[in-house]
Amino acid sequence: MSTVAVVRKNGSTAIAADTLSSFGTRRLSATYNREPSKILRVGESYIGLTGWGVQRLVLDHLFASMSAPPRLAGKAEIFDLLLKVHQRLKEAYFLSPRAAEDDAFETSQLWLMIANAHGIFGVYSNRSVIEFERFWSAGS
């Protein structure tokens with residue numbers, strides 16, 4: 001269970017996320033978690049995570065291994081990065097790209113919200129990128 005919300009108004013952008021982690025029927029509150037944040041800072045962008053908890057470790061490691069943080073300056077740039085990340089997730093992090101039988105593409109198992117000076121972007125498991133005008137939220 002995760003919820004991430006992003007709002008843009010008067011040239012400013014805000015991103016927020018809950019801090020509850022769950023593992024099946026177990027719940028871990030921020031009180032007992034040393035790293036409860038579901039928001040990563042990558043260069044000048046903030047990435048809110050929903051979905052599998054392991055995404056945080058994987059993305060922290062992946063972005064730290066890059067020579068420079070990606071700009072994430074628009075849909076095309078984000079999509080290009082996702083193509084590279086998907087291959088790396090499979091090779092270095094043992095991603096299981098299984099999807100539903102009728103899915104057209106392998107899944108990257110990533111559900112993200114990106115907030116930066118360039119906009120608000122939703123990233124979904126099939127690597128689709130949607131830009132939102134003023135606000136959006138993701139999660140459950």
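Helix axes here are lines fitted to C-alpha atoms over the stretch in contact, and angles between N-to-C directions run from 0 to 180 degrees. Helices (H or I, at least four residues) and strands (E, at least two) are DSSP runs, numbered from the N terminus.

Some ground rules: this is a predicted model, where local features need pLDDT of at least 70, side-chain atom pairs count only at pLDDT 80 or more, and totals for chains, interfaces and linings use all residues. Residues are numbered from 1 along each chain as its sequence is written, and side-chain values use heavy atoms, with hydrogens and water left out.

**Exercise 1. The helix pair**

Work out how α1 and α2 pack, and which residues make the contact.

*Solution.*
- Step 1: find the helices. α1 covers residues 54-64 and α2 covers residues 75-92.
- Step 2: take the geometry. The two pack at an angle of about 110 degrees, and their axes are 12 Å apart.
- Step 3: classify the angle. Under 35 degrees is roughly parallel, over 145 roughly antiparallel, 65 to 115 roughly perpendicular, and the rest oblique. So α1 and α2 are roughly perpendicular to each other.
- Step 4: get the hand. A crossing is left-handed if the near helix is turned anticlockwise from the far one by less than a right angle, and right-handed if clockwise. For α1 and α2 the crossing is right-handed.
- Step 5: list the residues in contact (heavy atoms within 4.5 Å). α1 puts in V58, L62 and F63, while α2 brings L81, V85, R88 and L89.
- Step 6: sort them. Ala, Val, Leu, Ile, Met, Phe, Trp, Tyr, Cys and Pro count as nonpolar, Asp, Glu, Lys and Arg as charged, and the others, Gly among them, as polar. That splits the contact into six nonpolar, no polar and one charged.

**Exercise 2. R88 up close**

Is R88 of α2 buried, partly exposed or exposed, and what does R88 touch?

*Solution.*
- Step 1: fix the scale. Buried means under 20% relative accessible area, exposed over 50%, and partly exposed in between (1.4 Å probe, protein chains only).
- Step 2: apply the scale. R88 has 31% relative accessibility, so R88 is partly exposed.
- Step 3: look around. Leaving out residues up to four places away in sequence, R88 touches L62, S65 and Y93.
- Step 4: check a distance. R88 and E131 sit 43 residues apart along the chain, with 24 Å between their C-alpha atoms.

**Exercise 3. Two polar contacts**

Find the side-chain partners of K38 and S45, and say whether K38 and S45 are buried or exposed.

*Solution.*
- Step 1: know the rule. A polar contact is a pair of N or O atoms within 3.5 Å; within protein, one must be able to donate a hydrogen and the other to accept it, and residues adjacent in sequence count only if both atoms are side-chain atoms.
- Step 2: take K38, in the loop between β4 (26-28) and β5 (39-42). K38 is at 9% relative accessibility, so K38 counts as buried. Its side chain makes a polar contact of 2.9 Å with the side chain of D18.
- Step 3: move to S45, in strand β6 (residues 45-50). With 1% relative accessibility, S45 is buried too. The side chains of S45 and N116 are joined by a polar contact of 3.0 Å.
- Step 4: fill in the surroundings. Beyond four places in sequence, S45 touches L40, R71, L72, I114, A115 and N116.

**Exercise 4. Positive phi**

What are the phi values of L72 and Q109, and where do these residues lie?

*Solution.*
- Step 1: L72 is in the loop between α1 and α2. Its phi is near 55 degrees, a positive value in a residue other than glycine.
- Step 2: L72 has 2% relative accessibility, so L72 counts as buried.
- Step 3: Q109 lies in the loop between α2 and β7 (111-116). Phi of Q109 is near 60 degrees, a positive value in a residue other than glycine.
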